[in-house]
Amino acid sequence: MPDLISYLQFVLAPQMLNGLALGVSVILVALGLTIIFGLLDVINMSHGEFYAVGAFGALALSALGFNYWVLIALVPILMIPIGVLTERFLIRRVYDGGDRHVSTLLLTFGLGMIAEDLLKIVFGPNTHRPENPLPGATEVLGVFIPTYRLFLIAIGAVVIVAVALVVYRTRLGAMVRAAAFDRNMAASLGVRVGWVYSGAFAFGVALAGLAGVLLAPIYSVFPTMGHDFILMAFTVVIVGGMGSIWGAVIAGVLLTQIQAISSLVISPVWADPIVFGVMVLVLMFRPQGIFGRIGHA
Amino acid sequence: MHDRLDISMRANHVFFWILVIVALVFAAFASFSGDVFYLRLATEALILGGLALSIDILLGFTGLLSLGQALYFGIGAYVSALVLREEPSFWLAMGAAGVSVLLAGIAGGLIANRVRGVYFALITFGMAQVVAKVVYNSRELGASDGLIGIPVIEIPLGLITLSAGDPLGFFLLTLVIIALLYSVSAYLLGTPFGRIIIALKANEKRVPYLGYSTWAARMAAYVLAAVIAGLAGALYPMLRGFVSPELLFFATSGDALIMVIVGGAGTLAGAIWGAVILTMLKSVIGSWTEHHLIVIGLIFMSAILFMPKGIVGMLKPFVERNLLRNSARQPKPEPERTAL
Amino acid sequence: MKHNLLTTTTIAMLLASSAYAQEAIKIGVLTPLSGTYAGIGQQVRWGIDQSVEEINAAGGIAGRQIELVYEDSEANPAVAVTKAEKLFTVDNVDFLTGTVNSGATLAVGQVADRADKLIATTVSFSDAITGSGCSPNVFRVNARAGQQSEALAAWLKQEKPGAEVYYLGPDYEMGRSTVAAFKERAESVGATSTGEVFAPLDSKDYSQYFGQLRAARPDVLYTSVAGNDTVRLFTQMNDFGVSEGLTILGASGTVTAQNINAIGAAAEGFITGVGYSVLIDSPENKAFTEAFRERNGADPDLYGADSYGLLFAYKAAVEAAGATDTDSVRAALEGLSWETPQGTKTIRAGDHQAMQPMYVVEVKNGQFTIVRSIAGEDAIGPDTCDKF
């Protein structure tokens, strides 16, 4: 019996808590992805690179002497114009020509290639890491957990709730959801659909940048970092239901817990196939994901 | 009978024949000047053209975007490599690769065809990633180092025997095989069953009312594409003497997708033109700057923004007009159907 | 008339042969300038460029200047073989080097075999290259995995007798075989193994393995992760307090110039067996590192140093052979000894592996400090190549 308790306390519980920190990270990356898909019907293949731009932005600005806590607010704000410009001058041009899913997916794929190479030109090929703003560990239930991870879980929860409130509870969110549901009707009701689209895209990009700032101290910063979370984030978005914020949260927690707990028992290499298997199963029985789409539920 | 689809397909053939003629002129010139490298690079371009062709069957004709077609290309390459290491027989390798990708294509199709649109794109992406990781970690398959030591094989072709190490001979053989793959695809898409596949892209909801199963049509297209990618992949180890997990990575699928878009989706011949153009461009740009990602990315984005139909798609209307005029001049012209 | 013609021909031949003597020797450098290993490719490029400048300024190889032809391998073997073929058949290079990942070196080695040219790697450390997958046309002037383990095991025997070691590697072939090789060496010098775990390559989070690691209560951890993975592993171990009281050993690629700055304080105390350190106390190394810093604004690491040394061996071989054809140069390289900033290196004829003094280095204040050195003969290990 004491064996079981100590197993729960020293092996399983920390494993699940670490899984939760990873889950929050994945959700932070997936949030922007799911919003852009749910509202604009655009699969943003360059999302990972926007995440990298956010992380490098934080790195460059902190080298200029900016405080890390300021950057958490500053970097997402700086990402907004990047998002608006991308939507206005690139995404919008292929919006109505042919299959929107395919053309925007391809366009953002090309954009991602260019962005990755540009990061390499500016910052060089090597790895960087900003100083951890909260070094040290905190004792939770007799187990030491790095303070920054606890902070990440907390701020992640705050960000998720804030985003959900904005999308589901504000007038702005209602306008956006209306535009996503029926573009023409929303336009005839006086919603400026063009700006709503730019705004929604920029919001998604800003969230990617925020994820970059928050995750940089743990996962380090390098030009190809955009590929890191993207398969996992896509999986979370699919399983959760494209465009559903709560779906992404539940899927993110669920999938990372499956990964964390299964890696106690089997070789961690199989964690990816297992997570992918869950995605396939969900698609087989509920192709729209656990939750439906924004504006359609 | 020359309806629109027919004219369109015949226009594709014109572009394919131009490619064959260019290839033959190039081959004559290259072998005359004693070149080895460019002949073998062109062979690689044609092999990648097979992969691009398979993507175009899905994207251009059924409207399904596959982001993981390298999966079947890689399976074909690995099976071919494993066979050749044991038994250096061209036909055995091609046969084994063909059967393996047929089975893999059916298995993958059962999964991927549960879903549509972007879900299809993402699930094909995921399947390829997972298999690539498994190959990367499998000691039996050479893991991250891949498999080297695939012998230079002798290929018996009835009257003559050809060596895979002979740049000109293997180039011509590859050209014939790609032409066969192209012809089979074009033929199948021209049959009534193939037209259901095309109709799926035009209006998916209406097809079931015509009494056809959309699932079977989609599945058939998917398996056809898998087999074409796999057979093209089977040629790769014969040319390069090795295989590595990178052949299954997204970079391979992504490159092939760029080839299709630059060449022109929905034109079949455009995919192969795209492969030739991009392979040559990459070779030149790669020697010129290490920032080739930016250059290729810019070319790709410009193609999407300013030339969404691709090179062949842009030139095609001129050819079609000529074909229409010619068929109108024939003694007993069928009334042109404008149902589409 | 006849006499005249003969004279003209003789003169023409003389001119041709002197023109031949003046003609540059072309060396292909096929290295990752983009992609995951671009940081290593940069060191290779710096090292080789510097050696060529020095050799050319001193009169070249047998009076002929060296001309370098760069190609980007993108760290992808499929790209590397195509580029290698271009270098051999279009650019007609006499010699090729620069490949980084072992898969690319093995695949390019096969291209060299078929083209009857020579290549040398200055980076790949997979034992297979000069072992089970050896080739008469492939040379390696850097230390292979076995030499590194040998050096590290000698240190372990002396400093931590009877150590309890835990192993953490990336879950792919190279990571596993590196761990297996060191484990075998460590056990032979009396260490006990307390467990092992393999994490997927590109793991984001290593914290999930810390439970097992702690439970095993080792006093030494050996790891073969590399690149960005090391940054994550070390900083996460530091954050979780796992590294306290633990001596961390690793492969030579675990902590390098590419990632040491990103790891920061978490790299302190890391120990590895390697063929180079900036702090090697010899006049040759002082001159080399100063010139390197001056030229590139950064310190050389093992990749830069091994790449720098290579062409001096090639120069010595060509000058000894008096020719640049494959057979003569191969024969001259076999058994060749030459001076490098790392000390004297000797190419073993049996497997084309360079023998060199090995160093055990510890990271102190962000510098690889030498804590022990092992003579080349003691670290080389048996010749297992049976292909030539």
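**Chain folds and contacts in a predicted three-chain model**

For a compact globule of 388 residues, a radius of gyration near 21 Å would be expected, and chain C has 22 Å, which agrees. The model described here is predicted. Along the principal axes of chain C, the C-alpha trace spans about 95 × 40 × 35 Å. The secondary structure of chain C consists of 13 helices and 15 strands. Of its 388 residues, 60% count as buried. Among the contacts in chain C with a separation of 6 or more, 69% join residues that are 24 or more positions apart.

The domain assignment divides chain C into domain 1 (11–143 + 280–356) and domain 2 (146–274). Domain 1 of chain C is thus given as two segments of the sequence, 11–143 and 280–356. Taken over C-alpha atoms, the centres of domain 1 and domain 2 of chain C are 31 Å apart. Twelve residues from domain 1 of chain C and nine residues from domain 2 of chain C take part in the contact. On the side of domain 1 that touches domain 2, helix 2 (residues 38–57) of chain C gives the largest share, three residues. That side of domain 1 divides by class into five nonpolar, four polar and three charged residues.

Two residues in loops of chain C have a positive phi although neither is a glycine. For Asn92(C), phi is near 50°. Asn92(C) is found between helix 3 (77–89) and strand 3 (95–97) of chain C, in the loop that joins them. Asn92(C) counts as exposed because it has 11 C-beta neighbours inside 10 Å, and the cut-off for an exposed residue is 12 or fewer. For Arg217(C), phi is about 45°. The loop that holds Arg217(C) runs between helix 7 (207–216) and strand 8 (220–223) of chain C. Arg217(C) is also exposed, because 12 other C-beta atoms lie within 10 Å.

Chain B has twelve helices and two strands. From the N terminus on, the elements of chain B follow the order α-α-α-α-α-β-β-α-α-α-α-α-α-α. The radius of gyration of chain B is 20 Å, close to the 20 Å that the globule rule gives for 340 residues, so chain B is as compact as a globular protein of that length. The C-alpha trace of chain B spans about 60 × 50 × 45 Å along its principal axes. Buried residues make up 54% of the 340 residues in chain B. Of the contacts in chain B with a separation of 6 or more, 78% are between residues 24 or more positions apart.

In chain A, helix 3 (residues 68–89) was examined for its length, its bend and its packing. At 1.5 Å a residue, the 22 residues of helix 3 of chain A should span 32 Å, and the end C-alpha atoms are 32 Å apart, which agrees. Helix 3 of chain A nevertheless has a kink of about 30° at Leu74(A), shortly before the proline Pro76(A). Pro76(A) is one of the buried residues of this helix. The others are Leu71(A), Val75(A), Met79(A), Gly83(A), Thr86(A) and Glu87(A). An α-helix has 3.6 residues a turn, so residues three or four places apart point the same way. The buried residues of helix 3 of chain A pack against helix 2 (47–63) and helix 8 (193–219) of chain A.

Chain A is in contact with both of the other chains described here. Towards chain B, 34 residues of chain A are in contact with 29 residues of chain B. Helix 4 (100–123), helix 9 (230–240) and helix 11 (271–285) of chain A are the elements that give two or more residues to this side of chain A. The largest share, 15 residues, comes from helix 4 of chain A. By class, the side of chain A that touches chain B has 23 nonpolar, six polar and five charged residues.

Towards chain C, 28 residues of chain A are in contact with 25 residues of chain C. The elements of chain A that give two or more residues to this side are helix 1 (2–40), strand 2 (143–146) and helix 10 (245–265). Helix 1 of chain A supplies the largest share, six residues. The side of chain A that touches chain C has 15 nonpolar, ten polar and three charged residues.

Methods: Residues are numbered from 1 along each chain as its sequence is written. Chains are lettered from A and ligands numbered from 1 in the order in which they are written. This is a predicted model: local features need pLDDT of at least 70, side-chain atom pairs count only at pLDDT 80 or more; totals for chains, interfaces and linings use all residues. Two residues are in contact if their C-beta atoms, placed from the backbone, lie within 7 Å. Helices (H or I, at least four residues) and strands (E, at least two) are DSSP runs, numbered from the N terminus. Ala, Val, Leu, Ile, Met, Phe, Trp, Tyr, Cys and Pro count as nonpolar, Asp, Glu, Lys and Arg as charged, and the others, Gly among them, as polar. A residue is buried if 20 or more other C-beta atoms lie within 10 Å of its own, exposed if 12 or fewer, and partly exposed in between; C-beta atoms are placed from the backbone. The radius of gyration is taken over C-alpha atoms; the globule rule is 2.2 Å times the number of residues to the power 0.38. The expected span of a helix is 1.5 Å times one less than its number of residues. The bend at a residue is the angle between axes fitted to the seven residues ending there and the seven starting there. Domain bounds come from an automatic or database domain assignment.
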